[in-house]
Amino acid sequence: GTINGYKNESLNIAVVGGGLVGSLAALHMGKRGHNVTVYEYREDIRTAELVIGRSINLALSVRGRTALREVGLEDKMLKHGIPMYGRMIHNIDGTRNVIPYDRNSNQAIYSVGRKYLNEILITATEKYPNINLKFNKKMSGGKVEKGEVHFVDTSTQQEETANADLIIGCDGAFSSVRREFLKKNAFNYQQIYIEHGYLELCIPPAKDGEFLMPANYLHIWPRGKFMMIALPNQDRTWTVTLFMPFENFDSIKSSDELLKFFETFFPDSIPLIGEERLVKDFFKIPAQHLMAVKCRPYHISSKCVLIGDAGHAVVPFYGQGMNAGFEDCTILSRLFNKYGSDLEKILNEYSETRWEDAHAVCDLAMYNYIEMRDLVNKKSFLFRKAVDDLLHWMMPNVWVPLYGSVSFTCMPYKKCIDNRAWQDKVLNRIITVSGYAASALGFFGVYQIYNNYRMFEESTN
Ligand code: FAD
């Protein structure tokens, strides 16, 4: 058949990587009737034992939800997720204060287990006879421009080659598909490791099986140069993540040093985590690196495209990595709606239109680290937030503050940045104008006093 005058045929699609984005991309393509095969390096996570220390939960927001809704999975994820309506700040003196994300309409981001998300997505593919899952398949190379990918079976070491009309590279931040792009001309690539790493700790449930802290917040211990955060899990535990420069991690070598460090900076968290568990979890695995990737274009010929972390890895401070990857699926789907199965048109437009937003979210994530670990402590930040909230309340469609535009709308990321720059300009102008007004008033006041004085002088002369 045809769509909008473009051919619309069933394609053979190889999805490399069956993580969060790969399994969702398979659903989006499977739903359109294409023949999809997912090749995943790891074993089936539904039957695998949970790897300790990697059980990160994630914040799901509107972009991710939109992409899940398109394959009928939004409600299921939200039911499992725990809504977080704002940040709960833990001060050094043990006091806490709440900064709501959206004072006006009470919107939330949702804490969802990574394993749960991935399992539901994988299981959902089984509803489609045209989606085929292959585990223990490691991509080892290929001629991606020709639609050819090589895999090695990690248990039998057997090699296999896939020939597809389209390869969708969703194999994460260290993508093997992307490595093939690096061998080609005119591929722009930038990879940055930040000087901070992260380490996960855990707060267990209370004795009565309930949460030890108020559950519906993203908890933050902002300490300027570093910070700790905690997101709630379904089982009433908290995943606590400490983000800090590697040199600080390296300076903590013994349990005494660790406890002293926590007593100084996060004293209220020690009884929550428990001394013994803190020491055990802290020294279990070394702090992990955080990396950001920007590249362009995202496609080669009409045969291969990069989405998710493979195309744009971001540091985790805006909670947008997965959300942006899920949004890639929405955008690809829309292009299939527009151009049928004309891959040349689809991939060209995808690359052309997506890079600015993907680069923008990378920058936003870098910025938000500073906001989370430092700015939330500052009066100027709280003042600006109050002004933003007020203006948003007065003009909900005209004035959308930055965090809200990123997390609660699907406004293109680049536009979110431009929008914020415009708001800054407006506020600066208001401040300047009111500054002039204040000076004019002041000047007028001084002039009046002077005049009165002169009148007084004249009358006494
Ligand atoms: P991945 O999840 O990395 O999946 C890639 C898959 O490809 C894996 O299954 C892997 O086994 C497979 N693979 C790799 N190499 C090969 C190969 N050669 N052959 C075959 N398969 C291969 N995002 C949010 O939106 N919200 C958050 O709150 C959030 N918090 C985060 C916190 C931390 C500490 C970190 C590190 C990240 C966070 N993120 C968050 C980002 C999020 O984890 C990623 O953006 C998301 O996992 C990307 O999904 P993906 O499928 O593209 O890549």
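I take two strands as paired if DSSP finds at least two bridges between them. The model I examined is predicted.

**Entry: strand pairing**

I looked up the partner of β5 and found strand β9 (residues 109–113), which pairs with β5 in the antiparallel sense over four bridges. I then followed Leu58 across to β9, where its bridge partner is Val112.

I traced the sheet as a whole. It is open, has three strands in the order β5-β9-β6, and its pairing is antiparallel. I noted that β5 and β6 (82–84) each have a single partner strand and stand at the edges, so one side of each lacks a neighbour in the sheet. Between neighbouring strands of this sheet I recorded an average turn of 35°, direction ignored.

**Entry: shell around the ligand**

I listed the surroundings of the ligand next. Of the 32 residues around the ligand, those that come nearest are Gly17, Gly19, Gly172, Gly308 and Gly321. I checked which elements give two or more residues to this shell, and they are α1 (20–31), β5 (57–60), β11 (137–143) and α10 (321–339). Which element gives the most? I found that α10 does, with four residues. By class, I entered the shell as 14 nonpolar, 13 polar and five charged residues.

**Entry: α1 against α10**

I turned to the packing of α1 on α10 and read an angle of about 20°, with the axes 9 Å apart. Angles under 35 degrees count as roughly parallel, and α1 is therefore roughly parallel to α10. The crossing in which α1 passes α10 is right-handed. From α1, I listed Leu20, Val21, Leu24, Ala25 and His28 in the contact; from α10, Met322, Gly325, Phe326, Asp328, Cys329, Leu332 and Ser333. I classed the residues of this contact as eight nonpolar, three polar and one charged.

**Entry: α1 against α4**

I also looked up α1 with helix α4 (residues 114–125), whose axes come within 9 Å and cross at roughly 25°. These two helices, α1 and α4, are therefore roughly parallel to each other. Is the crossing of α1 and α4 left-handed or right-handed? I recorded the crossing of α1 and α4 as left-handed. On the α1 side, I noted Leu20, Ser23, Leu24, Ala26, Leu27 and Gly30, and on the α4 side Leu117, Asn118, Leu121, Ile122, Ala124 and Thr125. For the contact of α1 with α4, I entered eight nonpolar, four polar and no charged residues.

Notes: Residues numbered from 1 in each chain as written. Predicted model: local features only at pLDDT ≥ 70, side-chain atom pairs only at ≥ 80, totals over all residues. Near = placed C-beta within 6 Å. Nonpolar A, V, L, I, M, F, W, Y, C, P; charged D, E, K, R; others polar. Axes fitted to C-alpha atoms, helices over the stretch in contact; angles between N-to-C directions. Parallel < 35°, antiparallel > 145°, perpendicular 65-115°, else oblique. Left-handed = near helix turned anticlockwise from the far one by under 90°. Contact = placed C-beta atoms within 7 Å.
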